[in-house]
Amino acid sequence: MLSVNGYVLGLDLGVKSIGLALIDPAGEQIIHTAVRVFPAGVEGDFESGKDSSKNEKRRQARQARRQTERRARRRRKTYRILQDAGLLPTGPAAEVLKELDKRLASEFGPHPGHVYTLRAKALDEPLDPFSLGRILYHLAQRRGFLSNRRAPVKKDEELATQAVTIQGLRERIEGAGARTLGEYFARTNTSASDPSRIRGQLTFRTLYREEFEAIWSAQAMHHPKLLTNALGEQLREAI
């Protein structure tokens with residue numbers, strides 16, 4: 001309530017409206033009343049704090065489109081680098097990968113299990129260039145989770161939770177006697193023909209980086225002219 005020059009102004013402030021009444025106490029009369037309703041800028045339950053901007057859905061959809069486009073560009077770039085280096089056959093990606101997977105599956109088991117088998121073998125045995133290129137491309141296809149959230153309030157909490165989850169996964173990898181994530185999946189996946197059993201598990205970018213370095217170091221000894229430092233830098237950036 002606000003009193004000015006003997007008049008009293010009453011306001012009722014709501015989430016989507018403002019109500020007002022101007023009263024003359026001396027004359028005991030209501031001079032004016034009004035309600036102004038305006039569209040809310042948020043959706044959900046404002047009173048309980050469970051509201052969100054009306055632009056939130058559009059922002060999320062836009063972000064999803066951008067992520068899809070970036071993912072496609074990254075894979076195209078990685079594929080082109082591997083082809084130019086002689087680590088993948090020439091030709092369109094879909095056709096080349098289909099034929100390559102068909103050949104590898106006949107040697108190492110059904111798709112996608114053969115890829116994990118090769119990722120494990122790459123730590124100890126020399127692979128032919130195309131098999132090596134296939135597993136390097138596979139690292140680019142998966143590459144694990146890396147948070148891109150920028151909310152400072154929850155940053156420490158999120159990092160702590162992620163660290164605990166990563167540590168738990170590392171313990172499972174070590175418990176299986178595996179050196180890398182790929183070797184862990186190759187050893188523990190009893191149904192390699194069912195990709196959901198592997199793809200449904202949360203993995204992290206740092207584990208893929210470590211596996212890339214382990215595979216690169218092991219295979220560089222067998223292909224010193226092919227796996228150059230310059231090529232390694234190109235692939236690290238692309239993947």
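In this predicted model, E183 is buried, with a relative accessible area of 4%. The partner of E183 in a salt bridge is R179, and the closest N and O atoms of the two side chains lie 2.9 Å apart. R179 itself has a relative accessibility of 48% and counts as partly exposed, because the exposed class begins only over 50%. The contact therefore joins a buried acidic residue to a partly exposed arginine. Nor does the pair stand alone: D124 and R187 join R179 and E183 in a network of salt bridges.

It is worth placing this network in the wider picture. A search of the whole structure finds 12 salt bridges. Side chains of opposite charge can pair when their charged atoms come close.

One of the salt bridges is formed by R134 and D101, with 2.9 Å between the closest N and O atoms. This pair links distant parts of the chain, 33 residues apart: R134 belongs to helix α4 (residues 129–142), while D101 sits in helix α2 (residues 93–108). Both R134 and D101 are buried.

Another salt bridge brings together the side chains of E211 and R119, at 2.8 Å from N to O. Here, too, distant parts of the chain are linked, with 92 residues separating E211 in helix α8 (residues 205–220) from R119 in helix α3 (residues 113–121). As for accessibility, E211 is buried, and R119 is buried as well.

Attention now turns from paired charges to a patch on the surface. There, R58, R62, R65, R66, R70, R73, R76 and R80 gather in a patch of positive charge. R58, one of these arginines, is found in helix α1, which covers residues 56–84. With a relative accessible area of 56%, R58 is exposed, because its value passes the 50% limit for that class. R179, at 48%, is instead partly exposed.

The strands offer a change of scene. Strand β3 (residues 17–24) pairs with strand β4 (residues 29–37) in the antiparallel sense, and eight bridges connect the two. Within this pairing, A21 stands opposite T33 of β4. Together, β3 and β4 make a hairpin with four residues between the strands. A backbone detail of the turn deserves a mention: E28 has a positive phi of about 50 degrees.

Key:
Residues numbered from 1 in each chain as written. Predicted model: local features only at pLDDT ≥ 70, side-chain atom pairs only at ≥ 80, totals over all residues. Heavy atoms only, no water. Patch = residues over 30% accessible without salt bridge, like charges linked within 9 Å, V, L, I, M, F, W, Y side chains within 5 Å. Areas by Shrake-Rupley, 256 points an atom, 1.4 Å probe, with all protein chains shown as cover. Salt bridge = Lys/Arg side-chain N within 4 Å of Asp/Glu carboxyl O. Lys, Arg positive; Asp, Glu negative; His and termini not counted. Charge placed at Lys NZ, Arg CZ, Asp CG, Glu CD. Buried < 20%, exposed > 50% of the residue type's maximum accessible area, 1.4 Å probe, protein only. Pairing = 2+ DSSP bridges.
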